[in-house]
There are 2 protein chains.
Amino acid sequence: MKFDFMYYNPTKIYFGRNAMDNLAEELSGYGDTVLLAYGKSAIKRIGLYDKVVDILKACGKTIVELEGIKPNPSYAQVMEGARLVRENHVQLILAVGGGSVVDCAKAISVAAYCEEEPWEKYWIREEAVENPIVPVASILTMTGTGSEMNGGSVITNEEQMLKMGRVFPAEVYPRFSILNPEYTYSVPKYQMVSGIYDIFQHLLEQYFSGDDDNTTDYLIEGVLASLIGSARAALRDPEDYEARSNIMWCATLGLNTITGLSKAQDWEVHMIEHQIGAYTDCAHGAGLAITAIPYYKYIWPFGAEKFVRFAKNVWGIDVSSLTQEEAALAGIEKLSDFIKELGLPTTLREVGTTEEMLPLIAESTVLGGGYKQMTPPEILEILKACY
Amino acid sequence: MKFDFMYYNPTKIYFGRNAMDNLAEELSGYGDTVLLAYGKSAIKRIGLYDKVVDILKACGKTIVELEGIKPNPSYAQVMEGARLVRENHVQLILAVGGGSVVDCAKAISVAAYCEEEPWEKYWIREEAVENPIVPVASILTMTGTGSEMNGGSVITNEEQMLKMGRVFPAEVYPRFSILNPEYTYSVPKYQMVSGIYDIFQHLLEQYFSGDDDNTTDYLIEGVLASLIGSARAALRDPEDYEARSNIMWCATLGLNTITGLSKAQDWEVHMIEHQIGAYTDCAHGAGLAITAIPYYKYIWPFGAEKFVRFAKNVWGIDVSSLTQEEAALAGIEKLSDFIKELGLPTTLREVGTTEEMLPLIAESTVLGGGYKQMTPPEILEILKACY
């Protein structure tokens, strides 16, 4: 583990079929007024809304509602939530939904008592949080973002046409998160596989960097192995509890920072997808799946040993009789096969990207990389290769 | 992940060569008087004592010292520490040393303001902690117990001839732990390999249970793979930083509860070793290594599939042409080879056990098990097999 690191993650996780049984006791640690933040009607359809409201009422809480948080939560909604928090003296923000709702809850938490313009201060200038914050908790219904156990908050400023993410410190992490894999059963299949690939890519972004022998890489290989098997089981039967529970926990592990410790990390596939998302309306996981293959085919020579290891340890390929190039490409091919198995798109065309958009996406992509510092012409090549 | 679980671990970890640079800032969060708890002269020999005292003084702290904490910390020392805490109004207990020192610090933390007899209340009756506690922090110099990131506290009551362990809740965990792998260089080789096997066995105790598909098992396989490689590297060169850093982090991961989530777990090898330790003075890891092989050879038929998986995923054995028995035994054989490679003893005789002790050890062992509920005659068979 070449690089020094700090690890601190104080979110309390309640996981399993009876996780909700802990809500009432947890609520006793917070004040009387709760902001109940959620998205569309999904949580009402599966009966979760009624269940949560019943528990809140039984605990004597006053409920203030913020409904309709979008898949890409808008800054306007954050400011609306912040107003509700101030006006009602809200003492806990309870997010019920997927990562977007949790991201929005964190944003409301820091924005409510911020005396400057929160967008400028926290998402543009990424300043430290000094104003009082309101505790956040979550009840998760979709997996992928890991927002239930980290400080990430991606917000879209619709007026400025800007989507910005930042990571807040541990005080802003959910104090507790309730993870019942059964709540994820009702997610449509396309969103399920998109979420699975999002988890996969989070792990790869952390894996493909560094040349030291690092326990974190072995940990990632373990999580990937679990995720591959459970993804296949969930494709066969979306109500396979073991599979959905493993996927849910892999998602949390994939982005609660433990699978990134002492790693330089990459994240360039996410940066490219980010801009594809800005020009199209594609699902995040789908955009990642499209971009990953040409990206890795391009960068493998700069981190060849790790790509050979990926082929061997993640996909079980016998690399002993292969050249380095054959082995690296065989591993990437297996990843490509897995993406097809998930039923995700493999070209930018399929998600509505036009040829004219490619240079614009390339020019606007934030440049970084794990084994290779990227340039706009290189990004353009990668985009053309998956167009 | 068949069983519901709760995960909550608020210890802040500073890891790496410069981890100590964070001590001063962390100290600013606590009061003026610090109990500096440590063992023998080891930390003075490597210059660590002076370094810590300098930082404490520069931060304006009043230092109260508790020196000479034993490898098996005694209840008398706990009560001495508790008295020092009360008399000096200590506001932080800083443990500098191995797991024993950290265990002792946690014990002092809960005992200082306990109005009943702490031994009876906390170690015998294992009651909840209701009295005020004193925050604990640690600077680690030996790896193995994971005490730096959990609530474990094993204390020996010398008057009563009893060694008892218990796990305290998160409030008693170290608030922060400083882990610099370089501090572990000076540990003698026998203690290093004993510590490595202790880590290994912690992982196996959690692994060998359950028949569900569980992400935690994949995580354990990842940590084991890292540990095996780094153990070999550390045997070749004890000052191989990458190897020692991986071992240190594997130790923390092995017992910070993340590698036990949703697992029934076993721990019978630890229970047997515990009683061997009561009759002899053997190193903990050595006693575990001796007992593990005959134990697993006895229980594998009750969890055969997991033992085949162990052979395949941990040791890379091609099990495709083997019977279940051949595969399971091949995996155990590889474990046995690894123990020999570490240079650990393989018989009870070597650590001073006499034949007369065997029935006494068998009768006094706490009975449990992962795939099989054990009985005293079965324990005796296992002991005879490694005598």
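Select Met6(A) and Tyr14(B) in this predicted model: Tyr14(B), in E1(B), is the bridge partner of Met6(A). Now widen the selection to both strands. E1(A) and strand E1 of chain B, residues 5-15, run antiparallel and are joined by seven bridges.

**The contact between the chains**

Show next every residue at the boundary between the two chains. On chain A, 35 residues are in contact with 35 residues of chain B. Colour strand E1 (5-15), helix H8 (215-236) and helix H9 (241-254) of chain A, each of which supplies at least two residues of the side that touches chain B. Which element provides the largest share of that side? It is H8(A), with ten residues. Coloured by residue class, the side of chain A that touches chain B shows 17 nonpolar, ten polar and eight charged residues.

**The relation of the copies**

Display both chains as ribbons and superpose chain A on chain B. The operation is a rotation of 180 degrees with 0.0 Å of shift along its axis, and the RMSD is 0.0 Å. The two copies are thus related as by a two-fold rotation axis. Return to the contact residues with this in mind: 100% of the interface residues of chain A are also interface residues in chain B, so the copies meet through the same surface.

**Inside chain B**

Move to strand E2 of chain B, residues 33-38. Is this strand largely enclosed or open? Five of its six residues are buried, so the rest of the structure largely encloses E2(B). Add strand E3 of chain B, residues 62-66, which pairs with E2(B) in the parallel sense over five bridges. Then add strand E4 of chain B, residues 92-97, which runs parallel to E2(B) and is joined to it by five bridges. Centre the view on Leu35(B): its bridge partner in E3(B) is Val64(B), and its bridge partner in E4(B) is Ile93(B).

**Two loop residues with positive phi**

Go to Trp267(A), in the loop between H9 and helix H10 (268-279) of chain A. Its phi is near 75 degrees, a positive value in a residue other than glycine. Trp267(A) counts as buried because it has 20 C-beta neighbours inside 10 Å.

Finish in chain B by selecting Thr257(B), in the loop between helix H9 (241-254) and helix H10 (268-279) of that chain. Here phi is near 80 degrees, again positive in a residue other than glycine. Is Thr257(B) buried or partly exposed? With 19 C-beta neighbours inside 10 Å, Thr257(B) counts as partly exposed, since the buried class requires 20 or more.

Terms used
Residues numbered from 1 in each chain as written. Chains lettered and ligands numbered in written order. Predicted model: local features only at pLDDT ≥ 70, side-chain atom pairs only at ≥ 80, totals over all residues. Contact = placed C-beta atoms within 7 Å. Helix = DSSP H or I, 4+ residues; strand = E, 2+ residues; numbered from the N terminus. Nonpolar A, V, L, I, M, F, W, Y, C, P; charged D, E, K, R; others polar. Pairing = 2+ DSSP bridges. Buried ≥ 20, exposed ≤ 12 C-beta atoms within 10 Å, placed from the backbone. Least-squares fit on C-alpha atoms with pLDDT ≥ 70 in both.
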